[in-house]
Every structure is written in structure tokens, then in C-alpha cells.
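Please open the model in a viewer and keep the selection panel at hand. The stops below proceed from one selection to the next.

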Amino acid sequence: MYKDTLIGDGVMHAYNNNPSNARSDTAEQVLEDIHGLSTAASAPGTEHSEERWFRNFTADEIEEAGFLESDVDFGVYHSTPIFDYFHDGYSALGSGVKMRDNNPDRVKLLGCVDPLSSDATEEMERQVNELDVDGFKMYPTFYRDGKVQELKMDDDLLPLVEKAHELGIGHIGVHKVFPLGPVGQHHVDVGDVADIAGQYSDIKFELLHTDLAFLEEIKLMLNTHDNIYANLEFTTAFLYFSPKRFREILGELLMWGGPEKIIWSTGVPLVHPQSLIEAMWDLEFTEEEREEYNYPELTDDIKEMILGENLANLYGWDTDKLRSTVQDDKWSQRRQQEGKPDPWSGIEMDTVSADD
């Protein structure tokens, strides 16, 4: 916890940045681009060197970065179906299963399937029945051999949404706003999520990477759809390299959707979580911003909601039980014995492969 506040990270990954995981030169460039974003968004002294970045992160390393080296108490692992660029989808499901099984009280899990596979819906059923996933991660594009295939939630991905509904799945994370590779911005717009969310009101849809690119649409969607949430993965990066931009995004989301609709995320290992937690706690709107745009005061109560309570409510964590657990489990015991280690100190640089 940070200042007695439960901290939840809405997106945790185990990136496989090993160049051997890339299917093409384009995929290798994507790894370079994300490394650049990571460097720009990281607090001084926590940036990833090339040696540490271009390798396969393991579940053990991600949970140590979150639960030991920082004040993250619980989180959601997002596996990713980026099979057009990466052999294992990039953030492998197997790593997420291991991380969840290592930390059943602290971790929820989003599964993923290849959307163009002929057995995609059967694989969804397997992941629900055998792996007990809590939801699924979906992507808006497929890029191969210089061609973009658009994957709309209310069209190409509709069979997957329908299957999730049939299986009783209540969570779908949707990659939006941030294009991967040579993909047009129009391919990552958000309108199809509004359309499908209206049809499946029992599924909670998280819009990933809430940003100025589609802020006008997103803030209206939060206002008109009870089951759409703004997930701040990548957006929290602006706390360092463009804090004014972050305040604008946050202010508009608060004005239109309210503090209950905002999910804190760092995308660890994109950045180390601790510095962003501290920056968010210290954040305030300027007097000019509040006067001109009528943004609310960033009270401790609002920060507590954004930093943890909203994620707990979204995924059904019992916050009283969670608070008790994180004060007396293996991570709290290690913290008492070892103190808080330096950022990324749990990473084994000679690790050759990640989890099965």
C-alpha cells in the first residue's frame, strides 16, 4: 500500500522482447518503438537498457517489480494476441497463468486468442474451463505482409464477444488509440466499442490507452455507457514526459465519466510502477485549469478510487479481505525482511526463456 491506500495495477505484462520472437522486420521495429516510449516515460534511473529490454520477461520478474519493489498490491495480467507480429503473442498467456497461480489473491487474468484462427471460440472455451481466465484481451488490427486487416468489435470480433457472453465472461480489454506498427490511426478508433457495449450490457469493456486522440469520443462513451471504463495504460506515461497533457486527459475523464470509471495502469514492465504511483498521489490540477475547465479538486478520496478501489470493484475483489491479505502474505513478509529493493533488481539478466 501507499500512504495506507490499496494500489491496483490494471495492466501487467510479461513482454517477450527477444528479437527472435519477432515475425518480421516490422515487428522488430515495434519492439524498438515501445522501448523508446518506455525510456521517455520512465523516471530517471529506472529506464531499461537495451540489454534488459530486448529479452523475455518472466512472471517472477513482473510480480517482484510490482509486489516487492513497488507498492502495488494487486493487478490484472493482460495476455496479448499480437500473433501477427510475435510468435507467442508478445505477453504470453502462460506467464499470466503462472503469475496468477503464484498470487491467487492478488492477480486476475485476461486470456487471449488468435482472432483469425478457425478454432478461436473453442480456444476461448478451453481457457475459461481449464485456465479459469477472468476475461479476454482483443486487438483492432492484424498486420502481415504490408497489409492491414481491420478487426471491429461489432464485425470481425463479434463472434468472440458473443462467445465471451455465452461463457459468462464479464471483462473484455480492448486495445485502442495506440497503433502498433504502420497502422493508420483510424484503425484504432473507439466507436465500435460503444456499439458493442450497448448490446452486451453485462460485459465490462475497458478502453486501453485513453489519450487525446479520441478523448472527445471516449469521455462521451463513459458518460453514456455504464459498462465502459477508461484504462490508463500508456496514458500514465504522460505523468513524466507530458504532465500537462496527462492533467487534461484526467480532467476531462473526471468531468464526463466521474472518478469511478478510471482504471490505474502502468503496463509494467513498460515502466516501473513506483515512481508513477508517487507522481499520481502528488498530482494536482493548477488553479488556472480548475477555473477555466471546472476540473474537480483531486482529493485523497478520488486518488484512492483511481489508484485501486475502482479496479477492485470492477473485478470483484473484497477490499477488506485484500487489505488483510497484502499485510500478511509472502510479499509483505519479504518486504519486512529485505526492505524495498531497487527498481528492477529482481530481474535475472541471464534468463534465457520465460514461462511455458
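Select Arg 55 and Phe 57 in this predicted model: the charged end of Arg 55 sits over the ring of Phe 57, 5.2 Å from its centre. A second such arrangement is found by selecting Lys 108 and Trp 317, where Lys 108 lies over the face of the Trp 317 ring at 5.1 Å from the ring centre.

Return to Phe 57 and extend the selection to Tyr 15, Trp 53, Tyr 85, Phe 86, Tyr 90 and Tyr 143; together these residues form one aromatic cluster. The count of aromatic pairs comes to 14. One of them joins Tyr 15 and Trp 53 edge-to-face, with 5.9 Å between centres and 65° between planes. Because Tyr 15 lies in the loop between strand E1 and helix H1, and Trp 53 in helix H2, this pair ties together parts that are 38 residues apart in sequence. Both Tyr 15 and Trp 53 are buried.

Next, display Tyr 15 with Tyr 90. Their ring centres are 4.6 Å apart and their planes are at 15°, so the pair is stacked. Tyr 90 belongs to the loop between strand E2 and helix H4, 75 residues from Tyr 15, and both residues are buried.

Finally, select Lys 303 in helix H13 (residues 300-315). Is Lys 303 buried or exposed? Its relative accessibility is 1%, and Lys 303 therefore counts as buried. Which side chain makes a polar contact with that of Lys 303? The partner is the side chain of Glu 284, at 3.2 Å. A polar atom of the Lys 303 side chain also lies 2.9 Å from the backbone oxygen of Leu 283. Beyond its neighbours within four places in sequence, Lys 303 has contacts including Met 280, Trp 281, Asp 282 and Leu 298.

How values were computed:
Residues numbered from 1 in each chain as written. Predicted model: local features only at pLDDT ≥ 70, side-chain atom pairs only at ≥ 80, totals over all residues. Heavy atoms only, no water. Helix = DSSP H or I, 4+ residues; strand = E, 2+ residues; numbered from the N terminus. Buried < 20%, exposed > 50% of the residue type's maximum accessible area, 1.4 Å probe, protein only. Contact = heavy atoms within 4.5 Å. Polar contact = N/O pair within 3.5 Å; in protein donor to acceptor, adjacent residues only side chain to side chain. Phe/Tyr/Trp six-rings, centres within 6.5 Å; stacked < 30°, edge-to-face > 60°. Lys NZ or Arg CZ within 6 Å of the ring centre and 35° of its normal.
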